[in-house]
Each structure stands twice: as structure tokens, then as C-alpha cells.
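Student: Please take a close look at a single part of this model and describe how the helices there pack. Some context on the chain and on the contacts between chains would help as well.

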Amino acid sequence: MLLATTATYQPADYLPILIQLGLALAFVAFSMVVSHLVGPKRHSKVKDSSFECGIESVGNARTPISVKYFLTAILFVLFDVEVIFMYPWAVNFRELGTTGFVEMLLFMGLLLAGFYYIIKKGILKWQN
Amino acid sequence: MGTSLFYFLAFVALISALGVVFAKNPIHSVLFLILTFFAISGHYLLLNAQFLAAVNIIVYAGAIMVLFLFVIMFLNLNTDTEPHKPALAKVTAAVAGGLLLLVLIAALRNVTPVGADAATFDSQIGMVNRLGLVLYQQYLLPFELASVLFLVAMVGAVMLGKREEGERNF
Amino acid sequence: MEIPLLAWQGLVILAVFGITLLIATYSTYAERVVAAFLQDRVGPDRAGPFGLLQPLADAVKLFTKEEFFPSGANRWLFVFGPCLAMTTALMASAVIPFGNTLIFGDGTEIRLQAIEVNIGMLYVFGVVSLGVYGIMIGGWASNNKFSLLGAVRAAAQAVSYELAMGMALIALLMVTGTLSLREITLQQYNGLWNIVYQPLGFIIFCVCAFAETNRTPFDLPECETELVGGYHTEYSSMKMGLYLFAEYINVFVASAVMSTLYFGGFSFPGEHWVYNTLTQSQGELFAHNVVTILGTVTIFAKIFFFIFFFMWVRWTLPRFRYDQLMRLGWTMLFPIAILNILVTGACILFFGAKDPKIEAAKKPQTTETRTVVRG
């Protein structure tokens with residue numbers, strides 16, 4: 001069986017992605033335009049107001065959200081960068097051997113200390 | 001082909017970067033910034049730095065911009081509550097930005113870019129396995145120091161996120 | 001890349017694109033049939049034989065419904081939200097190998113994969129991480145409190161589970177040593193499927209895939225008992241259709257990624273026997289193409305099984321509460337994934353030399369490679 005893998009990767013490998021992007025955009029544009037043209041349009045003041053289970057809505061929905069979500073996003077950014085750092089390490093795991101493993105243990109140890117601190121501070125508790 | 005793609009991507013990057021600054025709606029600014037990151041990733045791909053291109057999308061467009069969106073939603077976006085900026089603040093901002101531009105121009109004026117030597121150039125240098133070997137052997141100390149930086153950032157985030165009495169939100 | 005090859009690759013992309021849309025369309029039908037089966041009901045049976053035209057009827061209905069803009073909504077962003085969700089969903093399938101290569105008599109070789117790149121898996125990650133914008137922007141632009149809550153919940157959930165997903169993937173990469181999905185599949189051609197090496201990693205990955213696609217038991221962004229319709233409360237006609245459609249395409253992509261990473265992708269048991277038998281009777285070229293086609297059938301069979309699994313879970317399990325969901329993601333899956341990495345690393349260092357998988361990973365292309373006689 002011919003199981004050859006690519007030996008050298010070139011930027012031109014990405015060209016077919018443009019075809020896929022074009023198809024995706026064409027499909028999205030087609031469905032938006034057709035549904036815009038086909039559907040009826042009847043407006044009224046009550047119908048256009050935002051749906052809140054029949055109760056008259058108070059104010060608008062541009063209201064601040066809980067700080068918990070914001071903290072989750074910050075922690076996500078930090079740990080995401082950590083995960084990104086681990087990709088080149090994991091791919092080369094065998095070449096780097098025990099030395100690489102110890103290096104990563106040190107890196108992860110510090111981050112886990114931070115993780116422990118966050119858990120202890122109750123940042124990830126959503127019950128209250 | 002490569003050159004025209006470069007100019008196209010540079011054009012998109014510049015236009016969308018201007019869009020970030022000039023958009024009235026902060027959500028539009030975020031979307032323009034995402035487009036800018038895509039154009040920059042396109043440049044990385046042209047340079048065959050595939051891992052860098054993917055990381056740019058995942059970290060900047062995927063993670064940090066989500067944080068920005070949360071921050072925008074975290075703030076009160078009603079027009080009536082937006083504080084009116086005095087003219088002095090605008091002038092100060094323009095002067096500060098202009099000075100930064102001046103410094104950048106002065107720093108980059110005399111730079112002569114060194115082109116790659118075609119004979120010794122290795123096109124596979126930007127692949128993830130090459131990058132890993134260099135990062136974990138040659139640049140080990142900066143890498144380990146980065147984890148200390150993350151730790152500090154985590155503590156900072158926890159301090160910032162302390163709840164205040166009498167907050168009302170979702 | 002030469003132009004004729006690009007044209008062939010374009011044809012492959014077109015086929016994959018069409019199949020993706022077809023599978024997404026019929027997933028809506030399958031969902032109802034599976035639900036009916038699990039709840040001992042009849043299910044859709046009016047439109048066409050066995051109700052097979054039901055998706056078509058749904059599409060016509062969605063297209064002809066009124067396009068609705070709530071007052072106070074940001075019109076451009078309101079339209080842009082579902083467009084973004086759908087575009088990102090459709091882009092994700094580009095790096096998935098739906099088969100090995102097809103070789104024609106004149107030596108033209110076509111990969112049944114849109115692009116074969118060094119960072120294949122990271123591409124999927126990048127596109128998936130963008131999917132959250134469609135939901136967030138749509139929910140925010142609706143100017144509805146339920147939509148806003150649904151959108152914010154969806155975003156926080158998606159980012160939380162993306163972490164554990166990445167961690168589960170790291171352990172797999174330590175075994176395979178490459179990010180290219182095609183190479184990962186070819187390694188499983190010779191050795192065992194990766195599920196044998198990474199059972200815990202697969203469970204974490206699978207749970208996170210459910211959370212990333214917003215399927216039950218993680219469908220809090222649209223839990224109708226609290227949030228009406230969640231982020232798409234105010235949406236109607238095809239804009240709503242695109243959101244629903246994007247969800248099914250994401251399920252399809254998640255199934256394809258899981259079967260490629262952990263269940264051998266387009267490899268199937270007995271392929272070497274089929275290949276050797278056919279080589280003797282029909283020649284190498286014919287045997288190679290037949291094995292490729294059988295492989296494509298195999299990966300779709302695996303994908304259909306996983307799609308069924310998604311539906312099975314949906315109609316079996318109740319929904320999590322939001323604090324339970326966040327606790328599961330951060331304080332359970334994340335530490336378990338790190339533990340999995342440590343155990344995997346220790347195992348590779350300890351048993352490394354004896355494991356045949358390692359030799360296969362070091363030189364994936366030399367094992368079993370034979371040049372096909374061309375012409």
C-alpha cells in the first residue's frame with residue numbers, strides 16, 4: 001500500500017482552503033439572501049419587542065454580566081497559552097526524553113500551584 | 001503569486017487595523033481586530049511558519065478576543081451612561097499616539113532587512129517539531145520563566161476579580 | 001501545487017462539502033428517528049417513504065418563514081452571528097482525511113482530504129475556537145436578556161472545555177509524535193488503534209466534544225426550561241436554520257475527528273489481507289484503489305456510529321446544572337487530563353524502547369511503503 005507521508009510542507013498546501021472558504025461563504029450568502037427574499041415581512045410594535053415570556057421588557061439587554069465569566073476567560077487565556085507551549089513539547093517528546101519530561105514537570109508544577117491557589121480562593125465556585 | 005498574495009494580505013491587515021481604531025461600536029472593533037489577526041496569520045503561512053500561524057489564530061483570535069468580548073459585555077454599553085470625554089483628553093491621546101509613531105519610525109528607519117540565503121535556506125524550519133527542539137533545548141530558561149509570569153498573572157486576575165458589595169449583574 | 005492537481009483537490013473539497021451538508025440535513029431526520037425509537041414512538045413518517053423527505057420539508061419551511069429583527073437589535077451583527085457560526089462549522093472539515101489516496105493509470109495521485117498540513121489538528125482547534133463568536137455575537141446583538149445569558153454561558157462553557165480537550169490531545173500527541181491527521185491515521189494502519197494507548201484521553205476528549213458542540217448533557221446555552229431558546233431566542237427563518245445546521249455540522253466534524261484520532265480513521269481490520277489478495281489477482285494499482293474506497297466507507301461508518309452515539313446520549317441523559325458543568329470542566333477533567341499526560345509520559349519513557357509504536361512513529365513512511373508500479 002502506498003502510505004507515503006508528505007516530506008516537505010509548503011505554503012501552497014493551503015491553497016485548496018480558499019476553495020472551501022469560497023464554497024462556505026457562497027452557501028451562507030445563498031441561504032441568507034433567499035430567505036430574505038422569500039419570507040413575508042409584517043411589522044408591529046408589540047411583535048418587534050424582544051421576547052421575555054410575555055412580560056413587558058424593562059430596559060435593554062446591554063447590561064453588565066457577572067465577573068465570574070470574565071475571570072473564566074482570563075484563566076482560559078493563561079492556561080490556553082500553557083497548552084500551546086505543550087504542543088511542540090509533546091510532538092518531540094521522544095527526542096527530548098527524560099530531560100524534556102523534567103523540564104515540563106517544572107513548568108507544570110508552577111502552573112498547578114497557580115491552579116491550586118485559584119481553587120482555594122473559590123474563583124471557580126459557581127454555587128453562590 | 002506569492003508577492004500578490006503578500007500585498008493583498010498587507011492591504012487587508014492595514015484596512016482592518018484602521019477599522020479597529022475608527023469603528024464606533026466596540027464589538028465591530030473586536031471583529032476588525034480578529035480580521036487583522038487572520039491577515040497576519042496569512043503572512044506567517046506565506047513565510048511557511050505554520051505552527052506560528054495556527055498559534056496566532058488559537059491564542060489571539062480564539063482566546064484573547066473572547067476575553068475582550070467578555071470585557072465589553074462586562075462594561076455597561078448604554079450610550080447614556082458613557083462618560084463624555086473632554087477635548088483635552090482627545091488632544092493628549094493624539095499627541096501620545098503620535099509620539100509612539102515617531103519612536104517607531106525612528107527605530108525602524110535605518111534597518112536593512114537581511115534576505116534569506118537561497119542556498120542554505122531550509123523551508124521546514126517553521127514546522128512544529130523543529131520549533132520544539134529549539135525551544136526546549138536552546139531557549140529553556142525563558143520558557144521556564146514564562147511559567148512564573150503566568151503564576152503572577154493568575155494572582156493578578158484573582159485580585160482584580162474580587163466581588164464588591166452591592167453589584168447588580170447577571 | 002500544479003493547476004490540474006488543484007482542480008482535482010477542488011473536486012474532492014466539493015464532494016466533502018456536499019456530503020457534509022447532506023449528513024447535517026439528514027442528522028435532523030436521524031435525531032427524530034432515534035428519539036422516537038428511544039422513547040418508543042413512531043417518529044416522522046408523513047413526508048415521503050419513512051418520512052425521508054422531512055428534512056426537505058423543514059428546509060422549505062425555514063426558507064419561507066418571516067425574517068424577524070427585534071427592536072433595538074444591532075442589525076448587522078444580528079445577521080453576522082449565524083453567518084459566522086455556519087462558516088466556521090463548514091471550514092473545520094478541511095484537514096480530516098476521508099480516505100487514503102486514489103491513483104489513476106497515468107500516475108495522478110489524489111488525496112481524499114482537502115489539505116494535508118503539518119499542523120492538521122491545530123487547524124481544527126483554531127476553527128473550533130472561532131465558532132464561539134457566532135454564538136456570542138448573535139446572542140449579544142439580539143438585545144434580549146435570555147439571548148445574552150445563553151451566549152455568555154455558551155462562550156464560558158466552550159472555553160472551559162477547550163482547555164481539557166487540548167490537554168487530552170497533548171497525551172495523544174506524545175504517543176503519535178505528529179500533528180498531521182493523515183500521519184496519525186497511517187500510524188494506526190500498522191499498529192493498534194490509539195484508543196488502546198489512550199483510553200482515558202479518549203473519554204476526556206469525548207466529553208469535551210459534547211460540551212464544544214453544545215449537545216445534551218451540556219446544552220445549557222439553549223436550555224429551554226430556563227432560557228427560552230437561549231442565544232437563538234430571537235432568531236427566525238434561515239438565520240435560525242443556520243444555527244441549528246451549524247450544530248449538526250459540528251457534531252459531524254467532532255465525530256470525524258474522534259474516529260480519526262482514536263479509532264483508526266480510514267483503516268479497518270483486514271486491510272492488509274484484502275490488499276495482498278487483490279494485488280495477486282488484479283495488480284497493485286487496483287488493490288490500492290479498492291482498499292482506499294473501502295477505507296472511505298469505513299471512516300463514514302465510524303462517523304455514523306459516533307453521530308448515533310451523540311443522539312443516544314442526548315435522549316438518555318438529563319442536563320447538568322451550570323455550576324456542575326463548570327466544576328466538571330475545571331476541577332475534574334482538567335486535573336485528570338494533566339494526570340493522563342504525566343502517566344503517558346512516564347509510560348513512554350519507561351517502556352519506550354520495547355514499544356513497536358515508537359519505531360513506527362519515528363519513521364512512519366518507511367514501514368509498509370512500496371512504490372506502486374505506475375503506467
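Tutor: What follows covers one chain, then one pair of helices in it, then two interfaces.

This is a predicted model, in which local features need pLDDT of at least 70, side-chain atom pairs count only at pLDDT 80 or more, and totals for chains, interfaces and linings use all residues. Residues are numbered from 1 along each chain as its sequence is written, while chains are lettered from A and ligands numbered from 1 in the order in which they are written.

Chain B contains six helices and zero strands (helices are DSSP runs of H or I with at least four residues, strands are runs of E with at least two, and both are numbered from the N terminus). Read from the N terminus, the order in chain B is α-α-α-α-α-α. Of the 170 residues in chain B, 22% are buried (20 or more other C-beta atoms within 10 Å of the residue's own, with C-beta atoms placed from the backbone). Taking contacts in chain B between residues at least 6 apart in sequence, 51% join residues at least 24 apart (a contact means C-beta atoms, placed from the backbone, within 7 Å).

The part to look at is the pair H1(B), residues 2–22, and H2(B), residues 26–46. Their axes come within 8 Å and cross at roughly 160° (axes are lines fitted to C-alpha atoms over the stretch in contact, and angles run from 0 to 180 degrees between N-to-C directions). H1(B) is therefore roughly antiparallel to H2(B), a term for angles over 145 degrees. The crossing of the two is left-handed (the near helix is turned anticlockwise from the far one by less than a right angle). On the H1(B) side the contact residues include B:Leu5, B:Phe6, B:Leu9 and B:Val12; those they meet in H2(B) include B:Phe32, B:Leu33, B:Thr36 and B:His43. By class, the residues of this contact are 13 nonpolar, seven polar and no charged (Ala, Val, Leu, Ile, Met, Phe, Trp, Tyr, Cys and Pro count as nonpolar, Asp, Glu, Lys and Arg as charged, and the others, Gly among them, as polar).

Between chains, 43 residues of chain A are in contact with 45 residues of chain B. On the chain A side, H3(A) gives the most, with 18 residues. That side has 30 nonpolar, seven polar and six charged residues.

Chain A also meets chain C, with 77 residues of chain C in contact with 60 of chain A. Helix H5 of chain C, residues 145–176, supplies the largest share of the chain C side, 13 residues.

Conventions. A residue is buried if 20 or more other C-beta atoms lie within 10 Å of its own, exposed if 12 or fewer, and partly exposed in between; C-beta atoms are placed from the backbone. Two residues are in contact if their C-beta atoms, placed from the backbone, lie within 7 Å. Angles under 35 degrees count as roughly parallel, over 145 as roughly antiparallel, 65 to 115 as roughly perpendicular and the rest as oblique.
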